[in-house]
Amino acid sequence: MDIAELQAYGYFALTGFMVLVLYGYIYHLYSKKKDADGHDYEDYSNMALNDDIDDAPVTSMSDDKEKK
Amino acid sequence: MENRPLEYDYTVAKMFMLTTIILGIVGMLIGVILAFQLAFPEVNLILGEGLAEYTNFSRLRPLHTDAVIFGFTFSGIFSTWYYVGQRVLKVSMAESGFLMFIGKLHFWLYLVGVAAVVVSLFMGITTSKEYAEFEWPIDIAIVVVWVLFGLSIFGLIGIRREKSLYISIWYYIATFLGIAMLYLFNNMEIPTMLAQSAAGESGIGAWYHSVSMYAGTNDALVQWWYGHNAVAFGFTVPIVAMIYYFLPKESGQAIYSYKLSLLSFWGLMFVYLWAGGHHLLYSTVPDWMQTMGSIFSVILILPSWGSAINMLLTMKGEWQQVAASPLIKFMVLGSTFYMFSTLEGPIQAIKSVNAIAHFTDWIVGHVHDGVLGWVGFMIMAALFHMAPRVFKREIYSKSLMATQFWIQTLGVVLYFTSMWIAGITQGMMWRAHDEFGNLAYSFIDTVTVLHPYYTIRGVGGLLYLVGFLMFAYNIYKTMSARPVEESELQNASPMGA
Ligand code: HEM
């Protein structure tokens with residue numbers, strides 16, 4: 001097996017692996033529905049809708065600091 | 001500090017709005033000239049024999065592509081970044097003198113870069129690599145401009161109030177990283193003054209000339225990995241960033257599925273990078289790479305349509321807005337054209353189809369239904385949405401905008417339909433042969449047959465340019481239109497009659 005053939009197999013294996021990762025991610029998103037901080041993913045749309053400078057952030061940086 | 005009334009600062013966004021419009025006009029005007037040159041060769045001499053060197057098709061073509069890509073489109077990307085970035089991160093550029101400085105420096109150095117590109121391409125100084133024609137000194141300047149763009153993205157993220165990054169920010173970051181990687185690798189070159197010939201001569205050629213570090217098949221592979229992904233990270237990723245912000249905001253509707261936006265993001269990132277091989281079908285690159293290029297191109301339909309359908313479904317139950325607002329029309333037609341060209345591309349990447357399509361006008365038709373219908377429409381829509389907010393005035397004229405929409409839509413349709421017919425006719429004529437295998441036609445036979453279609457394309461392009469001038473005028477007049485209150489700017493943009 002020369003280097004080109006090795007590369008081709010490596011490429012194929014990597015592709016297969018990435019496909020698994022992607023499907024895993026889809027499964028994760030739709031089964032968990034919320035991210036690690038407990039926010040429903042769909043709430044994040046509000047970042048665009050309520051984007052005035054004095055609107056409340058969906059997840060605030062300063063909250064984060066207070067918690068610590 | 002929190003008590004002081006704070007406002008977003010759109011200074012840099014406005015500066016880039018200006019270059020978006022000016023370079024758009026320049027680039028598209030050159031496009032129209034090119035189109036008429038192909039139909040009527042006399043146009044090559046439009047300014048007389050003496051200046052033919054500067055006005056011929058081959059001198060102007062890279063000026064067109066680079067003006068519309070690196071001028072119009074990238075100005076649009078920068079302009080929307082300096083607008084959207086602040087808003088979804090909920091932080092104003094006025095809060096950081098440093099970021100303000102970087103933003104302005106970004107703009108001014110960009111202008112210097114543009115000037116250098118225009119002058120050098122007019123003089124015929126080029127590396128001859130498509131979309132990477134700039135010689136090394138300009139490449140270095142472009143890298144600096146890009147680093148400044150990166151600084152301003154990550155700088156703003158660094159001082160944000162909103163902890164989570166909105167999906168558009170992901171796409172802007174991907175644009176930054178993608179282009180940085182592509183540009184650096186494809187432009188690896190050695191100035192000729194550092195090289196030595198086999199005969200031992202050194203200091204060959206002008207100081208600004210260089211030779212690519214790649215040659216032959218490798219050069220082709222790197223070039224099309226770059227070329228195709230320039231489409232990905234210049235014409236797709238940042239434009240998706242725009243639509244994910246501007247369509248929900250203008251329509252007041254939450255994205256249909258935020259989860260779908262996340263996974264189409266990763267899908268797009270994963271698949272796009274491998275599809276470039278489709279530019280090199282039936283060439284000397286390894287067969288498995290060609291096949292992979294085809295396969296990944298077809299898979300690319302999924303994440304592309306994931307974003308586009310997500311946008312169309314965002315309008316679910318709100319279709320009356322499409323009828324009522326020309327601004328929403330631009331975006332909805334934009335995402336429809338996005339779906340359309342991301343279906344067309346994969347079809348062209350299938351080997352047997354490519355055997356007919358490659359090197360023909362069908363490819364040019366494909367490029368332009370994407371860039372005119374999707375990229376152009378989306379950037380104009382973004383600027384239309386931004387204008388009332390950065391100038392605090394209503395859009396000058398709604399009816400002008402609606403007229404522009406229909407003129408340009410007609411232009412795009414004329415452009416791509418004529419190129420389809422021309423391309424497929426060309427492809428069929430080139431391969432036609434008699435029973436003994438002699439070619440049935442010579443090249444000039446195709447030229448004669450294609451002439452009417454080239455004329456139609458020229459007319460279509462001219463209509464698009466006329467529409468773009470209407471857009472420029474509308475934005476210009478907006479600067480002195482009726483002032484509006486903050487409350488009118490929440491969602492649908494205020495427009496004058
Ligand atoms: C007024 C509108 C426009 C007209 C009339 C026009 C016309 C043309 C013409 C005649 C060509 C050369 C085709 C050939 O070599 O056979 C071309 C190439 C190209 N144009 Fe445009 N153009 C327009 C707008 C745009 C815009 C807005 C973009 C991008 C944002 C764009 C991107 C390109 C690209 C990437 C190519 C190279 C295509 C290839 O190599 O296959 N054009 N255009």
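This text follows the iron site of chain B and the helix packing around it in a predicted model.

The iron atom of the ligand is a convenient starting point. His64(B) and His368(B) coordinate the iron through their NE2 atoms, at 2.0 Å. Six donor atoms surround the iron, and the angles they subtend run from 87 to 179°, so the arrangement is octahedral. The two histidines come from distant parts of the chain: His64(B) belongs to helix H3 of chain B, His368(B) belongs to helix H14 (residues 361-391) of chain B, and 304 residues separate the pair.

The two helices that carry these histidines also pack against each other. The axes of H3(B) and H14(B) are 10 Å apart, at an angle of about 35°, and the crossing is left-handed. On the H3(B) side, the contact is made by His64(B), Phe72(B), Thr73(B), Gly76(B), Ser79(B), Thr80(B) and Tyr83(B). H14(B) contributes His368(B) to this contact, along with residues including Val375(B), Ile379(B), Leu383(B), Met386(B) and Arg389(B). Both iron ligands from the protein, His64(B) and His368(B), are thus listed in the helix contact. By class, the contact of H3(B) with H14(B) has eight nonpolar, eight polar and one charged residues.

H3(B), which spans residues 57-89, has another partner in helix H5 (residues 136-158) of chain B. Here the packing angle is about 15°, with the axes 10 Å apart. H3(B) and H5(B) are therefore roughly parallel to each other, and H3(B) passes H5(B) in a left-handed crossing. From H3(B), residues including Phe74(B), Ile77(B), Phe78(B), Trp81(B) and Leu89(B) take part, and they meet Trp146(B), Phe149(B), Ser152(B), Ile153(B), Leu156(B) and Ile157(B) in H5(B). The contact of H3(B) with H5(B) comprises 11 nonpolar, three polar and no charged residues.

A further helix pair in chain B is formed by H12 (residues 326-349) and H15 (residues 398-431), whose axes come within 10 Å and cross at roughly 15°. That angle makes H12(B) roughly parallel to H15(B). Their crossing is left-handed. Among the H12(B) residues in the contact are Pro326(B), Leu327(B), Lys329(B), Phe330(B), Phe337(B) and Glu344(B), while H15(B) supplies residues including Lys398(B), Met401(B), Phe405(B), Trp406(B), Val412(B), Phe416(B) and Trp420(B). The residues of the contact of H12(B) with H15(B) divide into 13 nonpolar, three polar and three charged.

Technical notes:
Residues numbered from 1 in each chain as written. Chains lettered and ligands numbered in written order. Predicted model: local features only at pLDDT ≥ 70, side-chain atom pairs only at ≥ 80, totals over all residues. Heavy atoms only, no water. Axes fitted to C-alpha atoms, helices over the stretch in contact; angles between N-to-C directions. Helix = DSSP H or I, 4+ residues; strand = E, 2+ residues; numbered from the N terminus. Parallel < 35°, antiparallel > 145°, perpendicular 65-115°, else oblique. Left-handed = near helix turned anticlockwise from the far one by under 90°. Contact = heavy atoms within 4.5 Å. Nonpolar A, V, L, I, M, F, W, Y, C, P; charged D, E, K, R; others polar. Donors = N, O, S within 2.8 Å, 3.2 Å for Na, K, Ca; no water. Tetrahedral: all angles 85-135°; square planar, octahedral: opposite > 155°, others 65-115°.
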